[in-house]
Amino acid sequence: MIVIDADTPVLSDLVSSKLPATFTVKTPRPGDPFYYRCPEIKKRIVLKKDDVHFGEIISTSSQVVGPGSIHPDTSTAYEVIRDLEIASVTREEVFSALVEYIPQ
């Protein structure tokens with residue numbers, strides 16, 4: 001399991017347009033977490049471009065805040081916005097879609 005934690009609308013739009021529709025959560029902040037099955041990605045990857053942080057790929061030995069949780073700063077709930085089956089993707093598909101944000 002991986003979660004592409006898009007911290008910006010730009011990255012959310014990119015994931016939505018380049019990868020399969022999947023279980024997705026709305027956070028109180030800009031951007032969305034997208035849940036995927038991808039056994040080939042086994043470590044956390046910070047997504048950035050020109051030293052600007054856009055999000056992370058969360059993987060093994062990490063955790064994310066799930067739907068129903070309340071954000072401590074905004075008191076707003078995390079909500080399911082796409083209640084779909086968690087899609088499977090390959091490492092190649094993820095890296096191809098997000099190539100400009102994955103450190104080389």
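Two strands are said to pair when DSSP finds at least two bridges between them, and that rule is the one to keep in mind while touring this predicted model. Strand E3 and strand E7 (residues 87-88) are joined by 2 bridges and run parallel.

**Stop one: strand E3**

Select residues 33-37, which make up strand E3; 4 of these 5 residues are buried, so the strand is largely enclosed by the rest of the structure. To see the link to E7, add Arg37 and Ser88 to the selection, since Ser88 in E7 is the bridge partner of Arg37. Then bring in strand E1 (residues 2-6), which runs antiparallel to E3 and is joined to it by 4 bridges. Within that pairing, Ile4 has Phe34 in E3 as its bridge partner, and Asp5 stands opposite Pro33, also in E3.

**Stop two: strand E1**

Keep E1 on screen and colour it by burial: 5 of its 5 residues are buried, so this strand too is largely enclosed by the rest of the structure. In a regular strand the side chains alternate between the two faces of the sheet. Show the side chains of E1 and you will find Ile2, Ile4 and Ala6 pointing one way, with Val3 and Asp5 pointing the other way, and all of them buried. E1 also has a connection to E5, to which it is joined by 4 bridges in an antiparallel arrangement; to locate one of the partners, select Ala6 together with Gly55 of E5.

**Stop three: Phe54**

Stay in strand E5 (residues 52-58) and select Phe54, which is found there. Is Phe54 buried or exposed? Its relative accessibility is 13%, and because buried means under 20%, Phe54 counts as buried. Show its surroundings next: leaving aside residues up to four places away in sequence, Phe54 touches a set of residues that includes Asp5, Ala6, Asp7, Thr8, Val10 and Leu11, as well as Leu47 and Tyr101. A C-alpha distance from Phe54 to Thr8 is worth drawing in the viewer, as these two residues are 46 apart in sequence and 5.8 Å apart in space.

**Stop four: aromatic rings**

The count of aromatic pairs in the model comes to 2. One of them is formed by Phe23 and Tyr35, an edge-to-face pair with 5.2 Å from centre to centre and 85 degrees between the planes. This pair links distant parts of the chain, for Phe23 sits in the loop between helix H1 (9-18) and strand E2 (24-26), whereas Tyr35 belongs to strand E3, and the two are 12 residues apart. Phe23 counts as buried at 15% relative accessibility, and Tyr35 counts as buried at 10%. For another kind of ring contact, move to Phe95 and select Arg91, which lies over the face of that ring at 4.0 Å from the ring centre.

**Stop five: the largest pocket**

Finish by displaying the largest pocket, which holds about 230 Å³ of space. Which residues lie nearest its centre? Of the 17 residues that line the largest pocket, these are Asp5, Asp7, Thr27, Pro33 and Tyr78. The strands visited earlier return here, as E1, E3 and E5 each supply at least two residues of the lining. The largest share of that lining, 3 residues, comes from E1.

Note on methods
Residues are numbered from 1 along each chain as its sequence is written. This is a predicted model: local features need pLDDT of at least 70, side-chain atom pairs count only at pLDDT 80 or more; totals for chains, interfaces and linings use all residues. Side-chain values use heavy atoms; hydrogens and water are left out. Buried means under 20% relative accessible area, exposed over 50%, partly exposed in between (1.4 Å probe, protein chains only). Contact means heavy atoms within 4.5 Å. Rings of Phe, Tyr and Trp (its six-membered ring) pair if their centres lie within 6.5 Å; planes under 30 degrees apart count as stacked, over 60 as edge-to-face and the rest as tilted. A charge sits over a ring if NZ of Lys or CZ of Arg is within 6 Å of the ring centre and within 35 degrees of the ring normal. On a 1 Å grid over the protein atoms alone, a cavity is a set of points where a 1.4 Å probe fits but cannot get out, and a pocket is an open set with protein on both sides within 12 Å along at least five of seven lines; lining residues have an atom within 4 Å of a point. Grid points are joined across faces, edges and corners, and a volume is the space filled by probe spheres set on the points.
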